[in-house]
Amino acid sequence: MKKIRIHREGYGILLTIALILIVANLLVWYSDASEGIKIVHFSFTILVYGFIAFFFRSPSRVVEIDDDNMIIAPADGRICVIEPTEVQEYFDGERMLQVSIFMSLFSVHANWFPISGKVLYVKHHDGRHIGAYLPKSSMENERAVTVIESKNGFKIMAQQVAGALARRIVTYASAETECSINEHLGFIKFGSRVDLFLPLDAQLFVELGEHTRGNETIIARLPKRIE
């Protein structure tokens, strides 16, 4: 049985909400409201708190891969984009294969590194908060970009994109540091998406509409080792 815990990004929020709900319940309990209303109110607050705790769940997932060219899903969700595109940031217009994963409110919102290697570049961009399922959200929404060089010399980009409800992207990656699968890249609070930009000749193992599990689903295999 896999262990599920609360992600550290949820500690402060859950504590604050717990205090607010406790005060709200005490006010209702000692008010002139009927017993039925008090029970309904208490039950509702328990459900609300339970959902928020569920959102911040952080399952323990460990994958063992003996191929350094394998790209692992950085997030739970559904494949919403598979298409070639020009990547301006860092790659100066190079055409790459974009694979995007849309994360709903019910997805695990922890993000994992998609490959082991070295982090070359990290940058956060402020932006809008339109629906993360829209194609233009990749460029217009708040986002955080991380470029990773694989152990075999390939460079890929992982982009965390905020959604309509998301108001904070957390990125743990730091430039010029080593990274590894099984480690968290970051966390996005509420609905969002993660874009991967891979070499055009990467071998793809997923299809549009397919559901992924972060740090478990194999997305693609990079080309043969650079000589």
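Modeller: Two strands count as paired if DSSP finds at least two bridges between them. This is a predicted model. In it, strand β3 (residues 70-72) and β16 are joined by three bridges, so they satisfy the rule of at least two. Their pairing is antiparallel.

Colleague: Which residue of β16 is the bridge partner of Ile 71?

Modeller: The partner of Ile 71 is Ala 220. Ala 220 in β16 also has Leu 204 standing opposite.

Colleague: What makes β14 and β16 a pair?

Modeller: Strand β14 (residues 203-204) has two bridges to β16, in the antiparallel sense. The rule asks for at least two bridges, so this pair qualifies.

Colleague: Why is β13 described as largely enclosed by the rest of the structure?

Modeller: Buried means under 20% relative accessible area. Seven of the seven residues of β13 are buried, so the strand is largely enclosed. Both of its faces are covered. Ser 192, Val 194, Leu 196 and Leu 198 are buried on one side, while Arg 193, Asp 195 and Phe 197 are buried on the other. In a regular strand, side chains alternate between the two faces of the sheet.

Colleague: Which strand pairs with β13 over seven bridges, and which one over six?

Modeller: β5 pairs with β13 over seven bridges, and β9 is joined to β13 by six. Both pairings are antiparallel. Within them, Ser 100 has Asp 195 as its bridge partner, and Gln 160 has Val 194.

Colleague: What makes the contact between Arg 193 and Asp 195 a salt bridge?

Modeller: Side chains of opposite charge can pair when their charged atoms come close. The cut-off is 4 Å between a side-chain nitrogen of Lys or Arg and a carboxyl oxygen of Asp or Glu. For Arg 193 and Asp 195 the N to O distance is 3.0 Å, so the contact falls within that cut-off. Arg 193 is buried, with a relative accessible area of 0%, and Asp 195 is also buried at 0%.

Colleague: How many salt bridges are there by this rule?

Modeller: The count comes to five. One of them joins Lys 118 and Glu 176, at 3.1 Å from N to O. Lys 118 lies in strand β7 (residues 117-125) and Glu 176 in the loop between β10 (169-171) and β11 (177-179), so this salt bridge ties together parts that are 58 residues apart in sequence. Another joins Arg 213 to Glu 216, with the closest N and O atoms 2.7 Å apart.

Colleague: Is Lys 118 buried, exposed or partly exposed, and which of these is Glu 176?

Modeller: Lys 118 has a relative accessible area of 29%, and Glu 176 has 52%. Exposed means over 50%, and partly exposed lies between 20% and that value. Lys 118 is therefore partly exposed, whereas Glu 176 is exposed.

Colleague: What makes the sheet with the order β6-β12-β10 open at its edges?

Modeller: Its three strands pair in the antiparallel sense. β6 (110-112) and β10 stand at the edges with a single partner strand each, so one side of each has no neighbour in the sheet. Neighbouring strands of this sheet are turned by 20 degrees against each other on average, direction ignored. β10 and strand β12 (residues 184-188) pair over three bridges, and Ile 169 has Ile 188 in β12 as its bridge partner.

Colleague: How many residues does the largest nonpolar core have, and which strand gives the most to it?

Modeller: The largest nonpolar core has 30 residues, and β5 gives the most, with four. Among the residues with the most contacts inside the core are Ile 71, Val 99 and Leu 196. In soluble globular proteins, nonpolar side chains tend to be buried together.

Colleague: Why is Ile 22 called partly exposed?

Modeller: Ile 22 has 47% relative accessibility, which puts it in the partly exposed class, between 20% and 50%. Ile 22 is found in helix α1 (residues 11-29). With Leu 15, Leu 19, Leu 26, Trp 29 and Tyr 30, Ile 22 forms a nonpolar patch on the surface, with about 710 Å² of accessible area together.

Colleague: Does Glu 9 count as buried or exposed?

Modeller: Glu 9 has 13% relative accessibility and counts as buried, because the limit is under 20%. Glu 9 is found in the loop between β1 (4-6) and α1. Its C-alpha atom is separated by 7.4 Å from that of Phe 56, 47 residues apart along the chain.

Note on methods: Residues are numbered from 1 along each chain as its sequence is written. This is a predicted model: local features need pLDDT of at least 70, side-chain atom pairs count only at pLDDT 80 or more; totals for chains, interfaces and linings use all residues. Side-chain values use heavy atoms; hydrogens and water are left out. Patches are made of residues with over 30% relative accessible area and no salt bridge: like charges are joined within 9 Å, nonpolar side chains (Val, Leu, Ile, Met, Phe, Trp, Tyr) within 5 Å. Accessible areas come from the Shrake-Rupley method with a 1.4 Å probe; for residues, only the protein chains shown count as cover. Buried means under 20% relative accessible area, exposed over 50%, partly exposed in between (1.4 Å probe, protein chains only). Axes are lines fitted to C-alpha atoms, for helices over the stretch in contact, and angles run from 0 to 180 degrees between N-to-C directions. A nonpolar core is a set of buried Ala, Val, Leu, Ile, Met, Phe, Trp, Tyr and Cys residues joined through side-chain atoms within 4.5 Å.
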